[in-house]
Amino acid sequence: MDTVDKTPHTHLLKKGAEASLFLTQWHGKDAVLKIRLPKSYRPPTLDQQIRRYRTIHEPQLMHHAKTAGVPTPIIYMINVPQSTIIMQHINGQQIKTILNKLDPPPRHVLCQKIGQSIAHLHNHNLIHGDLTTSNMIQTPNGKIYFIDFGLGEKNNELEAQGVDLHLFKRALQSTHFNFWEDCLTNVLCGYTQIRGIELSKKVYEKIHQIERRGRYVEERKP
Amino acid sequence: MVKIKQTDCKYCLGIESSADDFGVGITDFRGAILANQSEGYLPKEGGIHPREAARHHGDVAPSVLQQALNTAGIKAHELSCIAFSQGPGLGPSLRTGATIARALASYLDLPLVGVNHSVAHIEIGKLTTGAHDPLTLYASGGNTLVTAYTTGRYRIFGETLDIALGNCLDVFGREAGLKAKKGLPIGAAIEQLAQKSQRLIPLPYVVKGMDLSLSGLLTAATTTLQQQHNSNLPDQICLDDYSLADVCYSLQEHAFSMVCEVTERALAHTEKKEVLLTGGVAANKRLQTMLSIIASEHNAQFSVVPKQYATDNGAMIAWTGTLAYKHGLTTPIPQSMVKLRWRVDKVDVPWIQ
């Protein structure tokens, strides 16, 4: 338990909304320290409950993702009372940055690979919960790592899979508004390759249903 | 499109009628609000009945219009354009406002400007607080979304997947037997009750990515309440005796924490330096406090729209109509049908550079 305190928080990588990421060392290796700091705006009981839950579940889900064949950082250590996780540091670029630079043909290939990875997660009843192009990192050897499983869950329902993909669609719309449709088509194409047409169709119907539930959305038109 | 010089025209009249309020506002082209009159429809029981609301709007329209002109101290022929809330909202209500706007525009021979209701909530917030380029949380009875300007439009970064925050509070309040009064909406009654409790009942907390879902929370809060009233239940099901205040407090804390987490995610993502709270639920002091904490942690300036411009109002339509009109955007009558599902990210906002 003491190790965390002694670890120098050398360099702040990112101050996210939910957690802060520090670049640190773990037995001579580059590592990332993820701290979920208390949020003073919400009641302490609720705050503690949320941070504890996510600190425990995130590493579990990351481990399961590996067995599904989707690369995720290796977990080095977890400290539940302090809500910290130390994990492998992945050298690479965020998909968000790569997508904006690529020409259409390689972009299509990349999007298909992303779709395949999501399909593998769903085949293993894993829901990422926050699929965005910032939460995917491509390494120089072409592997796509998925990170930030804090909002994920183990769930085999179509509903959860539909929401997962729907959120990714929304993320593409707001971050890559110039070519999001093109990306989505290829993501879904890769997804179908892995999960098969029959099952994928059911998931896509679910997405449509979920979208119709929203207020004042185009999809709600009869 | 021809840009119209500011000096050529002076006043814009805006008509708001998307839900239960009928409002008329008048602003001048520099952003001074000269009048902001409104009449609310108060259902005898239950929520808004769209047809009854529309009938109400038709009944009160002439007097509200007259009051607005009187307050502003101008004559109808001095106006330069007529703006109206074209969507999103309830069909019958919107149509009533649109019909009045078309009639006025044709009679006075003035250009008509169709305004997006959600954009208007953001613009009035910016006008009245001086915010320049904020991340906006717009929470009302019909909408809950986190939005910010990027390249030509307001983009939606997070929103509710089902019901809106105000809707969640309203329905819960009605189930609990609270009644809306003139000047005291159900949300305010819940806020007052919540202040009497510190006891947090565990309820669902559903954040999905940057989106959230409130329908499960509403069901859970309502069920918790019903268990208290149902004395026929065996003891082991009736776990604790929560008071209505406890449930109100817990509902607020859970719902607001979810909305705030989503807002914080969007703030970290967009790295905006201002946070604006607008829409009917903006009047809630607890929500204001929570958001201001988040803003200060991210070194952002927090502002909240004044109460009279938080709920639906005519001034916001007039002001947004002014902005659009100054940039040559008008709505010819054949294209002025209401748009019930007009999302904020479908609207070009050329007035922002």
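A residue is called buried here if 20 or more other C-beta atoms lie within 10 Å of its own. The views below all come from a predicted model.

**View 1. A β hairpin in chain B, with a strand that is largely enclosed.** Using that cut-off, five of the seven residues of β8(B) are buried, so this strand is largely enclosed by the rest of the structure. Its partner is strand β7 (residues 144-150) of chain B, which runs antiparallel to β8(B) and is joined to it by six bridges. To find your place in the ladder, look for B:Tyr149, which stands opposite B:Tyr154 in β8(B). Two residues lie between the strands of this hairpin, and B:Thr151 in the turn has a positive phi of about 30 degrees.

**View 2. Where chain B meets chain A.** Here 28 residues of chain B are in contact with 28 residues of chain A. On the chain B side, the elements that give two or more residues are β8 (153-159), β9 (207-208), α7 (244-270) and α8 of chain B. The largest share of that side, seven residues, comes from α7(B). Readers coming from View 1 will recognise β8(B), one of the contributing elements.

**View 3. Strand β11 of chain B and its two parallel partners.** Five of the five residues of strand β11 (residues 274-278) of chain B are buried, so the rest of the structure largely encloses this strand. In a regular strand, side chains alternate between the two faces of the sheet. You can follow this along β11(B): B:Glu274, B:Leu276 and B:Thr278 point one way, while B:Val275 and B:Leu277 point the other way. Strand β6 (residues 135-139) of chain B pairs with β11(B) in the parallel sense over four bridges, and B:Leu135 has B:Val275 as its bridge partner. Four bridges also join β11(B) to strand β12 (residues 301-304) of chain B, again running parallel. In β12(B), the bridge partner of B:Val275 is B:Phe302. Between β11(B) and β12(B) the chain passes through helix α8 (residues 285-297) of chain B, giving a right-handed β-α-β crossover.

**View 4. A five-stranded sheet in chain B and the helices that touch it.** This open sheet has the strand order β3-β2-β1-β4-β5 (chain B), with mixed pairing. At the edges stand β3 (33-40) and β5 (112-116) of chain B; each has a single partner strand, so one side of each is left without a neighbour in the sheet. On average, neighbouring strands are turned by 20 degrees against each other, direction ignored. Strand β4 (residues 79-87) of chain B pairs with β5(B) in the parallel sense over five bridges, and B:Ser85 stands opposite B:Val115 in β5(B). Helix α1 (residues 50-72) of chain B packs on the sheet, touching β2 (21-28) and β3 of chain B, and its direction makes about 160 degrees with that of β3(B). Helix α3 (residues 117-129) of chain B lies across β4 and β5 of chain B and runs at about 85 degrees to β5(B).

**View 5. Helix α4 of chain B, mostly covered.** Nine of the eleven residues of helix α4 (residues 165-175) of chain B are buried. Among them are B:Leu165, B:Cys168, B:Leu169, B:Val171 and B:Phe172, together with B:Asp170. After α4(B) comes B:Gly177, whose phi is positive, near 85 degrees.

**View 6. Two helices crossing in chain A.** What angle do the axes of α4(A) and α6(A) make where they cross? Helix α4 (residues 104-123) and helix α6 (residues 180-195) of chain A cross at roughly 45 degrees, and their axes come within 6 Å. The two helices are therefore oblique to each other, and α4(A) passes α6(A) in a right-handed crossing. Residues making the contact include A:His108, A:Cys111 and A:Ile118 of α4(A), along with A:Cys183, A:Val187 and A:Tyr191 of α6(A).

**View 7. A three-stranded antiparallel sheet in chain A.** The order in this open sheet is β6-β8-β9 (chain A), with antiparallel pairing. Its edges are β6 (93-94) and β9 (144-146) of chain A, each with a single partner strand, so one side of each lacks a neighbour in the sheet. Two bridges join β6(A) to strand β8 (residues 136-138) of chain A. A good landmark is A:Gln93, whose bridge partner in β8(A) is A:Gln138.

How values were computed. Residues are numbered from 1 along each chain as its sequence is written. Chains are lettered from A and ligands numbered from 1 in the order in which they are written. This is a predicted model: local features need pLDDT of at least 70, side-chain atom pairs count only at pLDDT 80 or more; totals for chains, interfaces and linings use all residues. Two strands pair if DSSP finds at least two bridges between them. A residue is buried if 20 or more other C-beta atoms lie within 10 Å of its own, exposed if 12 or fewer, and partly exposed in between; C-beta atoms are placed from the backbone. A crossover is right-handed if, with the strands pointing away from the viewer, the path from the first strand over the helix to the second runs clockwise. Axes are lines fitted to C-alpha atoms, for helices over the stretch in contact, and angles run from 0 to 180 degrees between N-to-C directions. Angles under 35 degrees count as roughly parallel, over 145 as roughly antiparallel, 65 to 115 as roughly perpendicular and the rest as oblique. A crossing is left-handed if the near helix is turned anticlockwise from the far one by less than a right angle, and right-handed if clockwise. Two residues are in contact if their C-beta atoms, placed from the backbone, lie within 7 Å.
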